[in-house]
Amino acid sequence: MQPLLTSSQREWVDRAGELAEIFAGRAARHDRENTFPHENYDDLRAAGFLRLSVPEELGGFGAGLAEILPVLERLAMGDGATALAFTMHLSPLGQWSNIWRRTKSPRLEAMLRKAVDGELIWASITSETGLPNDLTDARTRAVRVDGGFELTGRKSFATNSSVATHCSTTARHEDADGGPRLLLCQIALDQPGVTIHRTWDTMGMRGTQSNDVELDQVFVEDAAVVHSLPVQHLDARVLETVWAWAMPAFSAVYTGVAAGALDWTVRSLAKRGKTADPVLQDVIGACQIQLESSRALIHRHADEVTSRRLFTGDV
């Protein structure tokens, strides 16, 4: 059972459901062959999903956080790997769109228009082996050079890197005034010094192709350093963007994976004539309660982000 939806939300969820059925038919092959589902991305693009969270004024569909969450859940019911990879594009575009609405930044506008025109697909590549991925530190090093920085390091779990054109990433600038700072940067994945290593060979979610990305003296101009913060600092701007949007988006995907598994289980039990078994009914009911609890938490978070109560403390 999905949460109550507006007519616009229901329309997008229904479209997502149509795609999810197609993606489900391809999922086993991509899992078996350990490949990225490029054809699923082609379908998402053709259906307009790649510009779903871009403002209407810039050529998108203007979906906010509350609109994208049920879409991600429904897609994940068909193929969790595709939904998770897509989240790495959809969520950052939604974050920037919120900032653009407040600031009307020409740089953000140009990036969002490129996404609408199909010239930009995003990935968030910040994770590193041996460090918590909490955007407070990095092993990747940033060295100051004329006009910007050079980044050297290796990122893991680079979901969506098989199709992305650009990414956000992090690096530690050791020699910053006042002490080490974490830089949040934007780079193109076809820049000199960027290498994607095929390391992804897991027991699940193989289609995400979350391979390693190596950065070898990759140049980042000053304008592409979008934020910096003291190392080990929990930053308010990061809270309003990454944590406010990415965490519920990931949660919606994994809730969708669970919902898809439960749906498959119920259909399988029905085929075997087990629907009247009271023990199984009790187990299925308990699973449904868990799903509804997850949805309630996710959508309360979305409401607190949209109303800004999460940031004012009035929750």
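Helices here are DSSP runs of H or I with at least four residues, numbered from the N terminus. With that in hand, welcome to the tour of this predicted model.

**Stop 1: the second largest pocket**

Start by selecting helix 1 (7-33) and helix 3 (65-78), then add helix 4 and helix 6; each of these supplies at least two residues to the lining of the second largest pocket. To find its centre, show A24, A76, M77, G78 and D79, which lie nearest to that point among the 23 lining residues. The space inside comes to about 490 Å³. Colour helix 1 on its own and you will see the element that gives the most to this lining, with seven residues. If you colour by class instead, the lining splits into 11 nonpolar, five polar and seven charged residues.

**Stop 2: helix 4 against helix 6**

Keep helix 4 (residues 80-103) and helix 6 (residues 236-271) on screen and hide the rest. Their axes come within 9 Å and cross at roughly 150°. Angles over 145 degrees count as roughly antiparallel, so helix 4 is roughly antiparallel to helix 6. The crossing is right-handed. For the contact itself, show side chains along helix 4, including A83, T87, S91, Q95 and R102, and along helix 6, including V242, W245, A249, V253 and V257. By class, this contact holds 12 nonpolar, seven polar and two charged residues.

**Stop 3: helix 4 against helix 5**

Now swap helix 6 for helix 5 (106-116). Here the axes are 10 Å apart and the packing angle is about 140°, which makes helix 4 oblique to helix 5. This time the crossing is left-handed. Select L93, W96, S97, I99 and W100 on helix 4, then L108, E109, M111, L112 and A115 on helix 5, to see who makes the contact. Eight of these residues are nonpolar, one is polar and one is charged.

**Stop 4: the largest pocket**

Finish by bringing everything back. Which residues sit closest to the centre of the largest pocket? Select Q95, S124, T126, S168 and V242, the closest of the 44 that line this pocket. Its volume is about 960 Å³. Both helices and strands take part: helix 4, helix 5, helix 6 and strands 1, 3, 4, 5 and 8 each supply at least two lining residues. Helix 6 provides the largest share, nine residues. Colour by class one last time, and the lining divides into 24 nonpolar, 18 polar and two charged residues.

Conventions:
Residues numbered from 1 in each chain as written. Predicted model: local features only at pLDDT ≥ 70, side-chain atom pairs only at ≥ 80, totals over all residues. Heavy atoms only, no water. Axes fitted to C-alpha atoms, helices over the stretch in contact; angles between N-to-C directions. Parallel < 35°, antiparallel > 145°, perpendicular 65-115°, else oblique. Left-handed = near helix turned anticlockwise from the far one by under 90°. Contact = heavy atoms within 4.5 Å. Nonpolar A, V, L, I, M, F, W, Y, C, P; charged D, E, K, R; others polar. 1 Å grid on protein atoms, 1.4 Å probe; cavity = no way out; pocket = protein on both sides within 12 Å on 5 of 7 lines; lining within 4 Å. Points joined across faces, edges and corners; volume = space filled by probe spheres on them.
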